[in-house]
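Reader: Hi! I'm new to reading protein models, could you walk me through one?
Author: Happy to, let's open it up.

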There are 6 protein chains.
Amino acid sequence: MRVDGRQASELRPITIETDYLKHPEGSVLISVGDTKVICTASIEDRVPPFMRGQGKGWVTAEYAMLPRATGQRTIRESSKGKVQGRTMEIQRLIGRALRSVVDLTAIGERTIWIDCDVIQADGGTRTASITGAFVAMTLAVGNLAKEKELSSFPIKDYLAATSVGISSDLGVILDLNYAEDSTAEVDMNMVMTGSGEFVELQGTGEEATFSHQQLLNMLEAAEQGIKNIIIKQKEALGETASLIKTSSQAGSL
Amino acid sequence: MRVDGRQASELRPITIETDYLKHPEGSVLISVGDTKVICTASIEDRVPPFMRGQGKGWVTAEYAMLPRATGQRTIRESSKGKVQGRTMEIQRLIGRALRSVVDLTAIGERTIWIDCDVIQADGGTRTASITGAFVAMTLAVGNLAKEKELSSFPIKDYLAATSVGISSDLGVILDLNYAEDSTAEVDMNMVMTGSGEFVELQGTGEEATFSHQQLLNMLEAAEQGIKNIIIKQKEALGETASLIKTSSQAGSL
Amino acid sequence: MRVDGRQASELRPITIETDYLKHPEGSVLISVGDTKVICTASIEDRVPPFMRGQGKGWVTAEYAMLPRATGQRTIRESSKGKVQGRTMEIQRLIGRALRSVVDLTAIGERTIWIDCDVIQADGGTRTASITGAFVAMTLAVGNLAKEKELSSFPIKDYLAATSVGISSDLGVILDLNYAEDSTAEVDMNMVMTGSGEFVELQGTGEEATFSHQQLLNMLEAAEQGIKNIIIKQKEALGETASLIKTSSQAGSL
Amino acid sequence: MRVDGRQASELRPITIETDYLKHPEGSVLISVGDTKVICTASIEDRVPPFMRGQGKGWVTAEYAMLPRATGQRTIRESSKGKVQGRTMEIQRLIGRALRSVVDLTAIGERTIWIDCDVIQADGGTRTASITGAFVAMTLAVGNLAKEKELSSFPIKDYLAATSVGISSDLGVILDLNYAEDSTAEVDMNMVMTGSGEFVELQGTGEEATFSHQQLLNMLEAAEQGIKNIIIKQKEALGETASLIKTSSQAGSL
Amino acid sequence: MRVDGRQASELRPITIETDYLKHPEGSVLISVGDTKVICTASIEDRVPPFMRGQGKGWVTAEYAMLPRATGQRTIRESSKGKVQGRTMEIQRLIGRALRSVVDLTAIGERTIWIDCDVIQADGGTRTASITGAFVAMTLAVGNLAKEKELSSFPIKDYLAATSVGISSDLGVILDLNYAEDSTAEVDMNMVMTGSGEFVELQGTGEEATFSHQQLLNMLEAAEQGIKNIIIKQKEALGETASLIKTSSQAGSL
Amino acid sequence: MRVDGRQASELRPITIETDYLKHPEGSVLISVGDTKVICTASIEDRVPPFMRGQGKGWVTAEYAMLPRATGQRTIRESSKGKVQGRTMEIQRLIGRALRSVVDLTAIGERTIWIDCDVIQADGGTRTASITGAFVAMTLAVGNLAKEKELSSFPIKDYLAATSVGISSDLGVILDLNYAEDSTAEVDMNMVMTGSGEFVELQGTGEEATFSHQQLLNMLEAAEQGIKNIIIKQKEALGETASLIKTSSQAGSL
């Protein structure tokens, strides 16, 4: 039995509150257990300099934590005057993952800015950010599609993420909270589409290693977990969900 | 009639949700109309170097806005690598105002870190931050008083803030929202105690000026508004409110 | 009796040496007691990006202290790589105050850069900077008016500043020096026009508060003080003073 | 056939020149095809503050490229005043990977600083850095073991890395050069030990995705490639190789 | 004839106003022609970390220009967030030059901070800074010697600087003003002691070169110029001059 | 006898390996004794903003050391977030020196970026950088001249540098290694052309001074040394050497 009473391959409760803020084109407050992230999507009518004139759009992400999202207060990155390596890694991951399901040509020369601000952290903030940001982005693009004529709906498939790890006591465990994350020997973050394809796979053994078989076991648990998360995303999106035309495999979710 | 239907000296609706986050010693989500700020108070068992060995504590504040708290997305200060002048001004104001009602000796050699993070902005973010931060700080100090023996309860009086301005159409107006703030000729922020004393008074005529009589009219409106805000703070604090032993004048609120 | 022998509502001696430097369009060395500030005004034939194409000008200010302007050497902000909150607050105040008496349309698409560099500090550096910068700016605009055809003289009124405070011994005192400023319970900076209107009012009780009546007493002392400072500005401006066409009220000074 | 004539699962030629520089405790110049990296290991007799007093050591890494390691000159990070996200990601990866095969207790309270400076880049700079840094670190630790009494030899196993990807033409390809990396749909970096265990697995589909079966195919190719790279490391280490006492599985390489 | 009517080997008029500011231990306002620099010397009772425990002191210098010291306003280095190469070069030069005439052991574990702030620039700001800083430092050390028992007077000799250059029209010219400096083919800064020894020699041909004979001619002019500058320093120092016990050669100046 | 067995006016062995890297337009690995520097020259088809539209080119240089080029590991400037004064001084010197022998008009509106990265340091890194950078630049310009029609060959003369110093034991010594540099009383860097003209002369007595006669002796030793270095440059340049048309004096080398 896990510290919070879950089964080894059981997700934490997930809630996704849509249109959480009044200004952004799309916004959600996602809770995955005690991890809470405000995800917003902002649409800007131009692209960064390196992409101009190509008739394509761009998706980019930023990530931050409130100082007291954590048990101990952390110093603001603005006070330190620089963004930490961990933050950069996470925001690069979020942007890359989201771009894999967006038809950049269909959004035209626009930038979608994703902001993920963790207001309470209990493990899995990067995967909750991806899951929530997908919904915020889809809402924003849904609004864009109502206002502007787009060649097709730019979101090609669902996208969600979770973590999986290996605990010395319990073996493979899904969706680690902070206490589990701190003691796990191996930690793997996975991002998958509604069609069951991989987008990102980042497995790390901090001062430890893992075998080929352990890898296969982690993949299996994560694949099932992500299917269940995508069901939550569909519910949260409501009518907007119908705009996403995925392949037949996705339809079977 | 004002843009949102209020009378000239009418406050916007205020709600203060206490214990909003699980990690901080004190936290609230304050809403003043559409302005929403997460205020947290963190207690650290040491003081900054310049105060060590004096047997006194310190209160300091930081303020930030989520990028999409505003109508247009604003760039993160961490991305720019520096904190803007406006932010510094506001966080210095919040810290200074809170210190005026804290008995620094009674908290011992501890620092109270206040964090005010605006998640939605519609004018008056600095005054909402002060009002909310006072409640978060009092909750945190209330918790501290339960765990540690303090010589006396360190919060000496209530503290709240609001804005008042002069509109060319309507004259003196209380608690300006963003639309009103953008067009007002004069903008004044006031911070007062439960005893009706001034703590801060910052009046500014951007490309305009104001007369002695106009100043007196603004003071009158703001004094009444702050009395009403303090009533909301008392309700939000619940039992903790009884720990604040103010002078007789405050008792009459 | 005050520490330097002044009456409670007596200003320190003020001298304003005009055309102090050879390069700037306008420059003064202002001394208020032992506080000495070099104020320069530079005119640039363009405006910042956010103002282009509006047919209006801009006034902006920067403020700094020499490392040894103070009793203890302070580290240069360039060495630290960032500008401190206090500096930003002051330079924003100076710029805002000066803009209130400038007809930005009359200066055309030009920027007036004000630089206030404190070479010796003894309290009241920000108010001395405003008082001196007004003279430097007026000299620069006077020179501009000689060389270029302006629709009207852009300086609409006089502008000066002083501080006022409350001492536990002496009550309300005007124009605080450093020793007084360090021990005063309340400190208020006021900026007023030649017409007797308020431009800025910043009253602060650091770890203290002040009553409505104390506020009224401070206003009275400061209003009289600023009238006397403006007389010094007129003398310093010499012939250029005649270019400022203020309202009848100002004429009565 | 690949652009440089290799088979799909063929590595580029690898050379590892040991003791390349005179000052560092361990150093190599590693060439993997046209990618050339100077890897040094420096031993410092103390650990970072967060590790003091635990009787354990630390391994940390830094990574950089000469401005003209690349086809187009890139701006120095020191000139820009900040380290880019990509650099941080890579140096965090290198440090984490090396720590997985080091017995931190056996090195005592010492820090091993790894510096990987790419002097010529043609794809795979991060994996070449890990492969080379392992050799430099082992040489440095070998020297340390000669001078100081260590409880046991701190390097527990071999460690090497390579990349594998999916090309639309050729399917799974091993050890991508720059031209291949730029056009591959999927790119995966793998770090493994001499015992055949995984340490890091980072698979990314930039604007693409990959299936479960494709993942298995990539793992197979990379596992074989890393075995061959470790043979090169053994040759380069010479006598020092005998100090590494790996498990029986590693012995069979 | 030179642009300002001087002979080729004639210095500009020099004035050195001592005790210019009230706070620093030593201060001067030096004018060399239209170049004006405030030089201060501050004595701190400790040395930087790299010198602790050696029983020796340190001398270090900082240099800056007011934004409007120059014909065109220059941006503050604090606003840019970094110190420019030219500034660093100059402040390193000033510190190094002053240290050559100070007995660091005789000042004890103290740091002398030199600040040179150019308030008006017309060429030769670095050499005027050295000449003025020597006087400010000597005054500060003179005051130190009165208050504390020093083993001997720490200033071992006079120190002054000037520039010399080659103009295509006039050949070798001494003490270049800004107009001359901008058009000279070769520019050499020289720092010498009262004993006629060299401390620094920095000759530069920007997009030009100079011959062995031209070098000898420049040395001759500069040597004579520096002798005359030292006479001015002696006058400015007044009684304090008698504390400097130089070698016989210096005595003959 | 010197520490490495050399005569007082004997250079260390010099090797210059050309075309060391595959990407840059020109590159060398220069070794001067144990000092090793990778010098590259990159040609960019535009000039910095301040030079646009003048029909002239620009040459600029950057300099850095690998962290473990030195006996003790030094912190990367990118990690510190700023470039140190010493680095700026050196890169400004390299750029200025190279420009003195380049006909900027003949290279057209192009920038030549010089990068000098010290991979191993044993004294004299700045002079080795200049000597090596000259060869890398000439190779790059030689390649440019083959591809584009230039009005004339832009390199007007040879350029090389060395150091000379005064040791208390040995008197004047040429080409100081690190051990000698650390103990020398005076250190002078000289940059000269193939025609025997001076370009830069930087003599410094750190906590010491030097006489007129000592200066003449240092000049003599350095002039002879530079002649010998230029012979090495000619050999390294091979056929490209014939493109440099120097004056008759240079021809006699």
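What follows is a chat about this model, beginning with how it is set up.

Reader: What kind of model is this, and how are things numbered?
Author: This is a predicted model, where local features need pLDDT of at least 70, side-chain atom pairs count only at pLDDT 80 or more, and totals for chains, interfaces and linings use all residues. Residues are numbered from 1 along each chain as its sequence is written, chains are lettered from A and ligands numbered from 1 in the order in which they are written, and side-chain values use heavy atoms, with hydrogens and water left out.

Reader: Cool. How many helices and strands does chain A have?
Author: Chain A has six helices and nine strands. Helices (H or I, at least four residues) and strands (E, at least two) are DSSP runs, numbered from the N terminus.

Reader: What are the dimensions of chain A along its principal axes?
Author: The C-alpha trace spans about 55 × 50 × 30 Å. The radius of gyration of chain A is 18 Å, which agrees with the value near 18 Å for a compact globule of 253 residues. That radius is taken over C-alpha atoms, and the globule rule is 2.2 Å times the number of residues to the power 0.38.

Reader: How much of chain A is buried?
Author: Buried residues are 60% of the 253 in chain A. Buried means under 20% relative accessible area, exposed over 50%, and partly exposed in between (1.4 Å probe, protein chains only).

Reader: And what about the surface of chain A?
Author: Its accessible surface comes to about 9700 Å², with 47% belonging to carbon and sulfur atoms. These areas come from the Shrake-Rupley method with a 1.4 Å probe; for residues, only the protein chains shown count as cover.

Reader: What share of the contacts in chain A is between residues 24 or more positions apart?
Author: Such pairs account for 70% of the contacts with a separation of 6 or more. Contact means heavy atoms within 4.5 Å.

Reader: New topic! What does UniProt say about domains in chain A?
Author: An unreviewed UniProt entry places "domain: Exoribonuclease phosphorolytic" at residues 10–140 and 157–224 of chain A. UniProt positions are given in the numbering used here, feature names are shortened, and annotations may be inferred rather than shown by experiment.

Reader: What are those two stretches made of?
Author: Residues 10–140 of chain A are 27% helix and 31% strand, with end C-alpha atoms 31 Å apart. For residues 157–224 of chain A, the figures are 28% helix and 41% strand, and the end C-alpha atoms lie 17 Å apart.

Reader: Which residues does UniProt list as a binding site?
Author: Under "binding site", the unreviewed entry has A:Arg86, A:Gly124, A:Thr125 and A:Arg126. They are spread over 41 residues of sequence but cluster in space, with a largest C-alpha distance of 13.4 Å.

Reader: Where is A:Arg86, and what does it touch?
Author: A:Arg86 lies in helix H2 (residues 85–99) of chain A. A:Arg86 has a relative accessible area of 30%, so it is partly exposed. Leaving aside residues up to four places away in sequence, A:Arg86 touches A:Tyr63, A:Met65, A:Thr125, A:Arg126 and D:Arg92.

Reader: Is A:Thr125 buried or exposed?
Author: A:Thr125 is buried, because its relative accessible area is 7%. A:Thr125 is in helix H3 (residues 125–147) of chain A, and among its contacts beyond four places in sequence are A:Thr35 and A:Val37.

Reader: Anything unusual in the backbone?
Author: Most residues other than glycine have a negative phi. D:Asp175 has a positive phi, near 55°, and E:Asp19 has a positive phi too, near 50°.

Reader: Where do those two sit?
Author: D:Asp175 is in the loop between strand S7 (171–174) and helix H4 (178–183) of chain D, and it counts as buried at 3% relative accessibility. E:Asp19 is in the loop between strand S1 (14–18) and strand S2 (26–32) of chain E, and it counts as exposed at 54% relative accessibility.

Reader: Last one: what does D:Glu206 touch?
Author: Not counting residues up to four places away in sequence, D:Glu206 touches A:Arg96, A:Arg99 and D:Glu185. D:Glu206 is in the loop between strand S9 (198–204) and helix H5 (212–237) of chain D, and it is partly exposed at 35% relative accessible area.
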